[in-house]
Amino acid sequence: MPASATKSLRVAVLADSDTRWKWGALTAQRLTPADAEVRLDGYLLRGRATPTARQLKEVGVRADSLREVTGAEFLRAMTDESYDILVLALVGGGVQAMLHGLRAAWGPGERPVVVTGYVGVVYEKLADGLLLRHGADLVLANSRHDADRFRAVYEGVGADASAVTEVALPFLGGAPYTGEQEPYTVVFAAQPSVPDSRKDRTYLLNRLIEHARRHPEREVLLKLRSKPGEHTTHIEELPYQKLVQNADVPANFRLVYGHMGEVLDRTDLLVTVSSTAALEALHRRIPTVVLTDLGVREVLGNHHFTGSGCLASWDQLDAGHRPAPDEEWVARQGVAADGSYGTAFDTARERIAALLQRPGGLPPLAPYYTPQTAPGYLPGILARHHLGPDGTPLPGAPAADKEPGPVRQIVRRAARGAYRHGVQRVAPVIRRMGEL
(Lines give C-alpha, C1' and ligand atoms only; values in the text may rest on other atoms or scores of the structure.)
Protein backbone atom coordinates (compact mmCIF):
# COMPACT_ATOMS: atom_id res chain seq x y z
CA MET A 1 0.00 0.00 0.00
CA PRO A 2 1.60 3.33 -1.03
CA ALA A 3 0.27 5.18 2.03
CA SER A 4 2.54 3.23 4.37
CA ALA A 5 5.67 4.51 2.64
CA THR A 6 4.82 8.11 3.52
CA LYS A 7 4.09 7.36 7.20
CA SER A 8 0.44 8.09 6.47
CA LEU A 9 -1.81 5.19 7.40
CA ARG A 10 -5.46 4.55 6.67
CA VAL A 11 -7.08 2.27 9.23
CA ALA A 12 -10.60 0.81 9.31
CA VAL A 13 -12.34 -0.78 12.30
CA LEU A 14 -15.49 -2.89 12.00
CA ALA A 15 -17.26 -3.43 15.36
CA ASP A 16 -20.59 -4.92 16.44
CA SER A 17 -20.98 -3.50 19.98
CA ASP A 18 -19.82 -0.67 22.23
CA THR A 19 -17.18 -2.79 23.95
CA ARG A 20 -15.79 -4.13 20.70
CA TRP A 21 -15.70 -0.64 19.19
CA LYS A 22 -13.68 0.47 22.22
CA TRP A 23 -11.30 -2.48 21.85
CA GLY A 24 -11.01 -2.15 18.09
CA ALA A 25 -10.45 1.60 17.97
CA LEU A 26 -7.94 1.61 20.83
CA THR A 27 -6.16 -1.40 19.32
CA ALA A 28 -5.90 0.46 16.02
CA GLN A 29 -4.30 3.37 17.83
CA ARG A 30 -1.80 1.09 19.59
CA LEU A 31 -0.89 -0.69 16.35
CA THR A 32 0.15 2.46 14.48
CA PRO A 33 3.49 4.27 15.05
CA ALA A 34 3.30 7.37 17.21
CA ASP A 35 4.85 9.52 14.45
CA ALA A 36 2.48 8.32 11.72
CA GLU A 37 -0.37 10.39 10.33
CA VAL A 38 -3.38 8.13 10.82
CA ARG A 39 -6.89 8.31 9.43
CA LEU A 40 -9.32 6.11 11.37
CA ASP A 41 -12.64 5.12 9.78
CA GLY A 42 -15.15 3.31 11.96
CA TYR A 43 -17.84 0.93 10.69
CA LEU A 44 -20.57 -0.29 13.06
CA LEU A 45 -22.14 -3.56 12.00
CA ARG A 46 -25.91 -3.26 12.15
CA GLY A 47 -27.49 -5.60 14.70
CA ARG A 48 -29.05 -5.93 18.14
CA ALA A 49 -25.97 -4.47 19.92
CA THR A 50 -25.14 -1.58 17.57
CA PRO A 51 -23.87 1.13 19.95
CA THR A 52 -26.02 4.16 20.76
CA ALA A 53 -24.65 7.70 20.56
CA ARG A 54 -24.33 7.76 24.36
CA GLN A 55 -22.34 4.53 24.41
CA LEU A 56 -20.02 5.79 21.70
CA LYS A 57 -19.44 9.01 23.61
CA GLU A 58 -18.71 7.06 26.80
CA VAL A 59 -16.03 5.03 25.02
CA GLY A 60 -14.27 8.31 24.28
CA VAL A 61 -12.52 7.27 21.04
CA ARG A 62 -12.76 9.68 18.15
CA ALA A 63 -12.82 8.50 14.55
CA ASP A 64 -12.42 10.56 11.39
CA SER A 65 -15.60 8.94 10.10
CA LEU A 66 -18.13 6.61 11.68
CA ARG A 67 -21.12 4.96 10.06
CA GLU A 68 -23.50 2.06 10.51
CA VAL A 69 -23.37 -0.63 7.83
CA THR A 70 -24.74 -4.03 6.92
CA GLY A 71 -22.29 -6.79 6.11
CA ALA A 72 -22.83 -6.31 2.38
CA GLU A 73 -22.32 -2.55 2.66
CA PHE A 74 -19.08 -3.08 4.54
CA LEU A 75 -17.72 -5.51 1.96
CA ARG A 76 -18.56 -3.04 -0.77
CA ALA A 77 -16.80 -0.26 1.14
CA MET A 78 -13.68 -2.43 1.45
CA THR A 79 -13.50 -2.70 -2.34
CA ASP A 80 -14.22 1.00 -2.90
CA GLU A 81 -11.72 2.28 -0.28
CA SER A 82 -8.01 1.57 0.13
CA TYR A 83 -6.76 0.84 3.67
CA ASP A 84 -3.47 -0.21 5.22
CA ILE A 85 -4.92 -1.92 8.31
CA LEU A 86 -8.34 -3.43 8.99
CA VAL A 87 -9.32 -4.38 12.55
CA LEU A 88 -12.24 -6.83 12.84
CA ALA A 89 -13.69 -6.25 16.31
CA LEU A 90 -16.53 -8.77 16.10
CA VAL A 91 -17.86 -11.92 17.70
CA GLY A 92 -16.16 -15.04 16.30
CA GLY A 93 -18.85 -15.89 13.75
CA GLY A 94 -18.78 -12.34 12.46
CA VAL A 95 -15.02 -12.44 12.03
CA GLN A 96 -15.22 -15.72 10.08
CA ALA A 97 -17.98 -14.40 7.82
CA MET A 98 -16.09 -11.19 7.07
CA LEU A 99 -12.85 -13.10 6.36
CA HIS A 100 -14.64 -15.18 3.72
CA GLY A 101 -16.53 -12.16 2.40
CA LEU A 102 -13.33 -10.13 2.14
CA ARG A 103 -11.46 -13.01 0.48
CA ALA A 104 -14.16 -13.12 -2.19
CA ALA A 105 -14.27 -9.33 -2.54
CA TRP A 106 -10.51 -8.75 -2.74
CA GLY A 107 -9.47 -11.90 -4.62
CA PRO A 108 -5.75 -11.89 -5.41
CA GLY A 109 -5.57 -8.09 -5.51
CA GLU A 110 -4.06 -5.62 -3.06
CA ARG A 111 -5.49 -5.68 0.44
CA PRO A 112 -4.78 -4.32 3.95
CA VAL A 113 -3.32 -6.20 6.89
CA VAL A 114 -6.26 -7.82 8.70
CA VAL A 115 -6.17 -7.92 12.50
CA THR A 116 -8.55 -9.46 15.03
CA GLY A 117 -8.57 -10.63 18.64
CA TYR A 118 -10.56 -10.61 21.87
CA VAL A 119 -12.03 -7.81 23.96
CA GLY A 120 -10.89 -9.27 27.27
CA VAL A 121 -10.56 -12.46 29.25
CA VAL A 122 -11.02 -15.62 27.15
CA TYR A 123 -12.69 -18.11 29.47
CA GLU A 124 -15.16 -20.00 27.28
CA LYS A 125 -15.44 -21.49 23.80
CA LEU A 126 -11.67 -21.24 23.37
CA ALA A 127 -11.30 -23.59 20.39
CA ASP A 128 -14.53 -22.44 18.73
CA GLY A 129 -13.74 -18.74 19.00
CA LEU A 130 -10.13 -19.14 17.92
CA LEU A 131 -10.85 -21.22 14.84
CA LEU A 132 -13.53 -18.71 13.80
CA ARG A 133 -10.84 -16.00 13.96
CA HIS A 134 -8.26 -18.02 12.03
CA GLY A 135 -7.37 -16.48 8.69
CA ALA A 136 -6.57 -12.97 9.89
CA ASP A 137 -2.95 -11.84 9.43
CA LEU A 138 -2.69 -11.12 13.15
CA VAL A 139 -4.74 -12.78 15.90
CA LEU A 140 -3.94 -10.72 18.96
CA ALA A 141 -3.50 -12.40 22.35
CA ASN A 142 -3.88 -10.09 25.33
CA SER A 143 -1.30 -11.92 27.44
CA ARG A 144 1.49 -14.49 27.39
CA HIS A 145 -0.98 -16.94 28.91
CA ASP A 146 -3.42 -16.44 26.03
CA ALA A 147 -0.70 -16.54 23.36
CA ASP A 148 0.44 -19.97 24.56
CA ARG A 149 -3.14 -21.29 24.57
CA PHE A 150 -3.93 -19.83 21.15
CA ARG A 151 -0.90 -21.42 19.51
CA ALA A 152 -1.65 -24.77 21.13
CA VAL A 153 -5.18 -24.78 19.68
CA TYR A 154 -4.07 -23.86 16.16
CA GLU A 155 -1.18 -26.31 16.12
CA GLY A 156 -3.43 -29.00 17.60
CA VAL A 157 -5.72 -28.93 14.55
CA GLY A 158 -2.92 -28.50 12.05
CA ALA A 159 -3.65 -24.82 11.38
CA ASP A 160 -0.98 -22.17 10.86
CA ALA A 161 -0.31 -20.52 14.24
CA SER A 162 2.03 -17.78 12.99
CA ALA A 163 -0.68 -15.12 13.16
CA VAL A 164 -0.85 -15.32 16.98
CA THR A 165 0.78 -12.17 18.34
CA GLU A 166 1.14 -11.30 22.02
CA VAL A 167 0.04 -7.79 22.99
CA ALA A 168 -1.95 -6.51 25.98
CA LEU A 169 -5.42 -5.09 26.55
CA PRO A 170 -5.43 -1.77 24.68
CA PHE A 171 -7.45 0.13 27.27
CA LEU A 172 -5.12 -0.31 30.25
CA GLY A 173 -3.72 2.90 31.65
CA GLY A 174 -4.38 5.58 34.22
CA ALA A 175 -2.45 6.69 37.25
CA PRO A 176 -1.20 3.99 39.66
CA TYR A 177 -3.11 3.67 42.94
CA THR A 178 -1.38 5.67 45.67
CA GLY A 179 -3.43 4.69 48.70
CA GLU A 180 -6.78 5.21 50.37
CA GLN A 181 -8.75 8.31 49.48
CA GLU A 182 -11.47 10.25 51.24
CA PRO A 183 -14.10 8.94 51.17
CA TYR A 184 -12.94 5.33 50.81
CA THR A 185 -14.72 4.11 47.67
CA VAL A 186 -15.86 0.56 46.87
CA VAL A 187 -16.91 -0.10 43.26
CA PHE A 188 -18.80 -3.18 42.08
CA ALA A 189 -18.28 -3.65 38.33
CA ALA A 190 -21.49 -5.20 37.02
CA GLN A 191 -21.65 -7.46 33.97
CA PRO A 192 -24.62 -7.76 31.58
CA SER A 193 -24.84 -11.57 31.60
CA VAL A 194 -22.82 -12.79 34.61
CA PRO A 195 -24.54 -14.04 36.65
CA ASP A 196 -27.67 -14.50 34.55
CA SER A 197 -30.37 -15.47 37.08
CA ARG A 198 -32.59 -13.06 39.02
CA LYS A 199 -31.78 -14.91 42.25
CA ASP A 200 -28.02 -14.53 41.87
CA ARG A 201 -28.15 -10.93 40.66
CA THR A 202 -30.48 -9.98 43.51
CA TYR A 203 -28.12 -11.68 45.95
CA LEU A 204 -25.13 -9.67 44.71
CA LEU A 205 -27.11 -6.44 44.78
CA ASN A 206 -28.30 -7.09 48.35
CA ARG A 207 -24.77 -7.86 49.52
CA LEU A 208 -23.48 -4.65 47.95
CA ILE A 209 -26.23 -2.63 49.62
CA GLU A 210 -25.54 -4.39 52.93
CA HIS A 211 -21.84 -3.53 52.63
CA ALA A 212 -22.79 0.12 52.21
CA ARG A 213 -25.04 -0.11 55.26
CA ARG A 214 -22.28 -1.72 57.36
CA HIS A 215 -19.78 0.95 56.32
CA PRO A 216 -21.58 4.31 56.24
CA GLU A 217 -18.24 6.12 56.04
CA ARG A 218 -17.57 4.58 52.62
CA GLU A 219 -18.96 5.45 49.21
CA VAL A 220 -20.30 2.31 47.54
CA LEU A 221 -20.86 2.48 43.79
CA LEU A 222 -22.59 0.08 41.42
CA LYS A 223 -20.84 0.66 38.08
CA LEU A 224 -23.24 -0.16 35.23
CA ARG A 225 -22.38 -0.84 31.61
CA SER A 226 -25.57 0.37 29.93
CA LYS A 227 -28.82 2.18 30.51
CA PRO A 228 -32.19 0.42 30.15
CA GLY A 229 -32.95 -0.25 26.48
CA GLU A 230 -29.29 -0.20 25.44
CA HIS A 231 -27.46 -3.38 24.58
CA THR A 232 -23.82 -4.27 24.98
CA THR A 233 -21.69 -7.18 23.80
CA HIS A 234 -23.84 -9.53 25.91
CA ILE A 235 -27.61 -9.51 26.36
CA GLU A 236 -28.76 -8.20 29.74
CA GLU A 237 -32.15 -9.64 30.62
CA LEU A 238 -32.24 -8.36 34.22
CA PRO A 239 -30.65 -4.90 34.50
CA TYR A 240 -29.58 -3.98 38.02
CA GLN A 241 -31.41 -0.67 37.54
CA LYS A 242 -34.70 -2.58 37.64
CA LEU A 243 -33.69 -4.81 40.54
CA VAL A 244 -32.71 -1.83 42.67
CA GLN A 245 -35.97 0.10 42.12
CA ASN A 246 -37.75 -1.43 45.10
CA ALA A 247 -34.69 -1.76 47.33
CA ASP A 248 -34.10 0.34 50.44
CA VAL A 249 -30.65 1.80 49.79
CA PRO A 250 -28.53 3.88 52.18
CA ALA A 251 -27.35 7.38 51.29
CA ASN A 252 -23.80 6.23 50.54
CA PHE A 253 -24.92 3.80 47.81
CA ARG A 254 -25.50 4.90 44.22
CA LEU A 255 -25.45 3.83 40.58
CA VAL A 256 -22.82 5.23 38.23
CA TYR A 257 -22.18 5.10 34.50
CA GLY A 258 -19.34 6.58 32.49
CA HIS A 259 -15.83 5.63 31.48
CA MET A 260 -14.34 2.86 33.63
CA GLY A 261 -10.99 4.62 33.77
CA GLU A 262 -12.56 7.70 35.34
CA VAL A 263 -14.40 5.57 37.90
CA LEU A 264 -11.15 3.75 38.77
CA ASP A 265 -9.49 7.13 39.42
CA ARG A 266 -11.47 7.27 42.68
CA THR A 267 -11.64 3.56 43.49
CA ASP A 268 -10.04 2.05 46.61
CA LEU A 269 -11.51 -1.44 46.18
CA LEU A 270 -12.79 -2.95 42.93
CA VAL A 271 -15.21 -5.88 43.32
CA THR A 272 -16.56 -8.02 40.49
CA VAL A 273 -17.55 -11.54 39.49
CA SER A 274 -15.26 -11.74 36.47
CA SER A 275 -15.28 -8.40 34.63
CA THR A 276 -12.29 -7.29 32.57
CA ALA A 277 -12.41 -4.25 34.86
CA ALA A 278 -10.51 -6.45 37.33
CA LEU A 279 -7.53 -6.47 34.97
CA GLU A 280 -7.77 -2.70 34.53
CA ALA A 281 -7.71 -2.28 38.30
CA LEU A 282 -4.82 -4.73 38.77
CA HIS A 283 -2.85 -2.83 36.13
CA ARG A 284 -3.17 0.27 38.32
CA ARG A 285 -2.48 -1.78 41.50
CA ILE A 286 -5.92 -0.99 42.90
CA PRO A 287 -7.01 -3.64 45.48
CA THR A 288 -9.20 -6.05 43.51
CA VAL A 289 -11.59 -8.81 44.56
CA VAL A 290 -13.11 -11.51 42.35
CA LEU A 291 -16.14 -12.88 44.21
CA THR A 292 -16.49 -16.52 45.21
CA ASP A 293 -19.98 -16.19 46.74
CA LEU A 294 -21.65 -17.96 43.80
CA GLY A 295 -18.86 -20.49 43.49
CA VAL A 296 -15.76 -20.57 41.31
CA ARG A 297 -17.27 -21.82 38.06
CA GLU A 298 -16.57 -21.73 34.35
CA VAL A 299 -20.06 -20.38 33.66
CA LEU A 300 -19.22 -17.32 35.77
CA GLY A 301 -15.77 -16.81 34.31
CA ASN A 302 -14.18 -16.31 37.73
CA HIS A 303 -12.31 -19.60 37.34
CA HIS A 304 -9.94 -17.60 35.13
CA PHE A 305 -8.69 -15.86 38.28
CA THR A 306 -7.59 -19.00 40.14
CA GLY A 307 -4.03 -18.37 41.29
CA SER A 308 -4.47 -14.60 41.18
CA GLY A 309 -4.75 -14.09 44.93
CA CYS A 310 -7.87 -12.00 44.29
CA LEU A 311 -10.61 -14.55 45.06
CA ALA A 312 -12.68 -13.66 48.14
CA SER A 313 -16.26 -13.50 49.42
CA TRP A 314 -18.48 -10.68 50.64
CA ASP A 315 -18.19 -12.02 54.19
CA GLN A 316 -14.43 -11.57 54.00
CA LEU A 317 -14.77 -8.07 52.55
CA ASP A 318 -17.27 -7.05 55.22
CA ALA A 319 -14.71 -8.20 57.80
CA GLY A 320 -11.98 -6.00 56.30
CA HIS A 321 -10.07 -8.43 54.05
CA ARG A 322 -7.78 -6.86 51.45
CA PRO A 323 -6.42 -9.08 48.67
CA ALA A 324 -2.76 -9.27 47.65
CA PRO A 325 -2.42 -10.23 43.97
CA ASP A 326 0.09 -12.88 42.94
CA GLU A 327 2.75 -11.01 40.94
CA GLU A 328 3.64 -13.96 38.70
CA TRP A 329 -0.02 -14.53 37.80
CA VAL A 330 -0.50 -10.83 37.07
CA ALA A 331 2.55 -10.75 34.79
CA ARG A 332 1.31 -13.73 32.74
CA GLN A 333 -2.08 -12.06 32.21
CA GLY A 334 -0.67 -9.09 30.30
CA VAL A 335 -1.61 -6.64 33.04
CA ALA A 336 1.90 -5.15 32.90
CA ALA A 337 1.77 -3.56 36.34
CA ASP A 338 5.60 -3.64 36.23
CA GLY A 339 5.74 -0.74 33.77
CA SER A 340 6.32 -2.78 30.60
CA TYR A 341 2.98 -1.80 29.08
CA GLY A 342 4.58 0.83 26.85
CA THR A 343 6.32 -1.85 24.79
CA ALA A 344 3.47 -4.41 24.74
CA PHE A 345 2.47 -3.60 21.14
CA ASP A 346 5.97 -3.26 19.67
CA THR A 347 6.03 -6.78 18.17
CA ALA A 348 2.60 -6.31 16.57
CA ARG A 349 3.64 -2.99 15.04
CA GLU A 350 6.81 -4.57 13.64
CA ARG A 351 4.86 -7.45 12.12
CA ILE A 352 2.36 -5.08 10.50
CA ALA A 353 5.18 -2.93 9.07
CA ALA A 354 6.82 -6.04 7.59
CA LEU A 355 3.52 -7.21 6.07
CA LEU A 356 2.86 -3.80 4.53
CA GLN A 357 6.28 -3.91 2.86
CA ARG A 358 5.98 -7.53 1.70
CA PRO A 359 7.21 -7.84 -1.90
CA GLY A 360 4.32 -8.55 -4.22
CA GLY A 361 1.73 -7.66 -1.59
CA LEU A 362 -0.19 -9.99 0.69
CA PRO A 363 -1.61 -13.38 -0.35
CA PRO A 364 -5.39 -13.97 -0.28
CA LEU A 365 -6.91 -14.58 3.15
CA ALA A 366 -6.83 -18.28 4.09
CA PRO A 367 -9.17 -19.21 6.98
CA TYR A 368 -8.90 -22.70 8.49
CA TYR A 369 -12.61 -23.28 7.91
CA THR A 370 -13.51 -23.87 4.28
CA PRO A 371 -16.39 -25.66 2.50
CA GLN A 372 -14.03 -28.66 2.48
CA THR A 373 -12.87 -28.64 6.14
CA ALA A 374 -16.21 -27.66 7.72
CA PRO A 375 -19.03 -28.31 5.23
CA GLY A 376 -21.60 -28.78 7.99
CA TYR A 377 -20.65 -25.66 9.97
CA LEU A 378 -19.28 -22.88 7.77
CA PRO A 379 -22.27 -22.42 5.40
CA GLY A 380 -24.57 -21.68 8.34
CA ILE A 381 -22.19 -19.05 9.74
CA LEU A 382 -21.93 -17.37 6.35
CA ALA A 383 -25.68 -17.52 5.78
CA ARG A 384 -26.35 -15.71 9.08
CA HIS A 385 -24.42 -12.82 7.60
CA HIS A 386 -26.20 -13.14 4.24
CA LEU A 387 -23.20 -14.65 2.47
CA GLY A 388 -23.15 -17.69 0.24
CA PRO A 389 -20.74 -20.64 0.62
CA ASP A 390 -18.22 -18.81 -1.59
CA GLY A 391 -18.33 -15.66 0.58
CA THR A 392 -20.28 -13.51 -1.88
CA PRO A 393 -23.46 -11.70 -0.73
CA LEU A 394 -26.64 -13.71 -1.26
CA PRO A 395 -29.42 -12.26 -3.44
CA GLY A 396 -31.56 -9.95 -1.33
CA ALA A 397 -28.82 -9.35 1.28
CA PRO A 398 -29.50 -6.13 3.25
CA ALA A 399 -27.62 -3.32 1.53
CA ALA A 400 -28.12 0.26 0.50
CA ASP A 401 -26.30 2.80 -1.62
CA LYS A 402 -27.43 5.71 0.53
CA GLU A 403 -28.18 6.56 4.12
CA PRO A 404 -31.49 5.13 5.40
CA GLY A 405 -34.43 7.47 5.11
CA PRO A 406 -36.61 8.61 8.04
CA VAL A 407 -39.14 5.80 7.60
CA ARG A 408 -36.42 3.14 7.48
CA GLN A 409 -34.80 4.61 10.60
CA ILE A 410 -38.13 4.56 12.48
CA VAL A 411 -38.84 0.96 11.45
CA ARG A 412 -35.34 -0.09 12.49
CA ARG A 413 -35.65 1.58 15.90
CA ALA A 414 -39.06 -0.05 16.42
CA ALA A 415 -37.67 -3.46 15.49
CA ARG A 416 -34.78 -3.05 17.91
CA GLY A 417 -37.15 -1.92 20.63
CA ALA A 418 -39.36 -4.96 20.09
CA TYR A 419 -36.35 -7.27 20.21
CA ARG A 420 -35.05 -5.73 23.43
CA HIS A 421 -38.50 -5.83 24.99
CA GLY A 422 -38.68 -9.52 24.13
CA VAL A 423 -35.28 -10.18 25.66
CA GLN A 424 -35.80 -8.14 28.82
CA ARG A 425 -39.49 -8.72 29.54
CA VAL A 426 -41.05 -11.59 27.59
CA ALA A 427 -38.22 -14.16 27.60
CA PRO A 428 -37.79 -14.19 31.41
CA VAL A 429 -41.54 -14.69 31.87
CA ILE A 430 -41.58 -17.61 29.43
CA ARG A 431 -38.57 -19.12 31.16
CA ARG A 432 -40.24 -18.84 34.58
CA MET A 433 -43.39 -20.44 33.21
CA GLY A 434 -41.28 -23.30 31.91
CA GLU A 435 -39.87 -23.86 35.39
CA LEU A 436 -43.31 -24.29 36.98
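Which residues line the largest cavity? To follow the answer in the viewer, bear in mind that the structure on display is a predicted model.

**The largest cavity**

Select G120, V121, N142, S143, D146, L169, L279, H304 and Q333, which together form the lining of the largest cavity. The space enclosed there amounts to about 60 Å³. By character, the lining comprises three nonpolar residues, five polar ones and one charged one. The model holds three cavities of 30 Å³ or more. Rolling a probe the size of a water molecule over the atoms shows where such empty space is left.

**The parallel sheet**

Next, display the strands as a cartoon and find the open sheet of six strands, whose order is β10-β9-β8-β11-β12-β13 with parallel pairing. At its edges stand β10 (253-256) and β13 (311-312); each has a single partner strand, so one side of each is left without a neighbour in the sheet. Strands of a sheet pair through backbone hydrogen bonds, either parallel or antiparallel.

Colour strand β9, residues 219-223, and β10: the two run parallel and are joined by four bridges. Within this pairing, V220 has F253 of β10 as its bridge partner. Now add helix α8 (residues 198-214), which packs on the sheet and touches β8 (185-189), β9, β10 and β12 (288-291). The direction of helix α8 makes about 160° with that of β9.

**Strand β8**

Move to β8, which pairs with β9 in the parallel sense over five bridges. Here V186 stands opposite V220 in β9. V220 is thus a useful residue to label, as its bridge partner in β10 is F253.

Is β8 buried or exposed? Five of its five residues are buried, so the strand is largely enclosed by the rest of the structure. Show the side chains: T185, V187 and A189 point one way, whereas V186 and F188 point the other way, and all are buried. In a regular strand the side chains alternate between the two faces of the sheet.

**Two cis peptide bonds**

Select E182 and P183, where the connecting peptide bond is cis, with omega near 0°. P183 belongs to the loop between β7 (164-166) and β8. Then select V194 and P195, which are also joined by a cis peptide bond, with omega about -10°. P195 is situated in the loop between β8 and α8.

**Two residues with positive phi**

Most residues other than glycine have a negative phi, and most peptide bonds are trans. With that in mind, centre the view on R285, which is not a glycine yet has a positive phi of about 65°. R285 sits in the loop between α11 (277-283) and β12, and its relative accessibility of 43% makes it partly exposed.

Continue to H386, another residue that is not a glycine but has a positive phi, in this case about 60°. The loop between α15 (378-384) and α16 (406-434) contains H386. The relative accessibility of H386 is 38%, so this residue counts as partly exposed.

**The loop between β12 and β13**

Finally, select V296 in the loop between β12 and β13. V296 has a relative accessible area of 41% and is therefore partly exposed. Which residues is V296 in contact with, leaving aside its neighbours within four places in sequence? They are N302, H303 and T306. To end the tour, mark the C-alpha atoms of V296 and T306: these residues are ten apart along the chain, and the two atoms are separated by 8.4 Å.

Definitions and conventions
Residues are numbered from 1 along each chain as its sequence is written. This is a predicted model: local features need pLDDT of at least 70, side-chain atom pairs count only at pLDDT 80 or more; totals for chains, interfaces and linings use all residues. Side-chain values use heavy atoms; hydrogens and water are left out. Two strands pair if DSSP finds at least two bridges between them. Contact means heavy atoms within 4.5 Å. Axes are lines fitted to C-alpha atoms, for helices over the stretch in contact, and angles run from 0 to 180 degrees between N-to-C directions. On a 1 Å grid over the protein atoms alone, a cavity is a set of points where a 1.4 Å probe fits but cannot get out, and a pocket is an open set with protein on both sides within 12 Å along at least five of seven lines; lining residues have an atom within 4 Å of a point. Grid points are joined across faces, edges and corners, and a volume is the space filled by probe spheres set on the points. Ala, Val, Leu, Ile, Met, Phe, Trp, Tyr, Cys and Pro count as nonpolar, Asp, Glu, Lys and Arg as charged, and the others, Gly among them, as polar. Buried means under 20% relative accessible area, exposed over 50%, partly exposed in between (1.4 Å probe, protein chains only).
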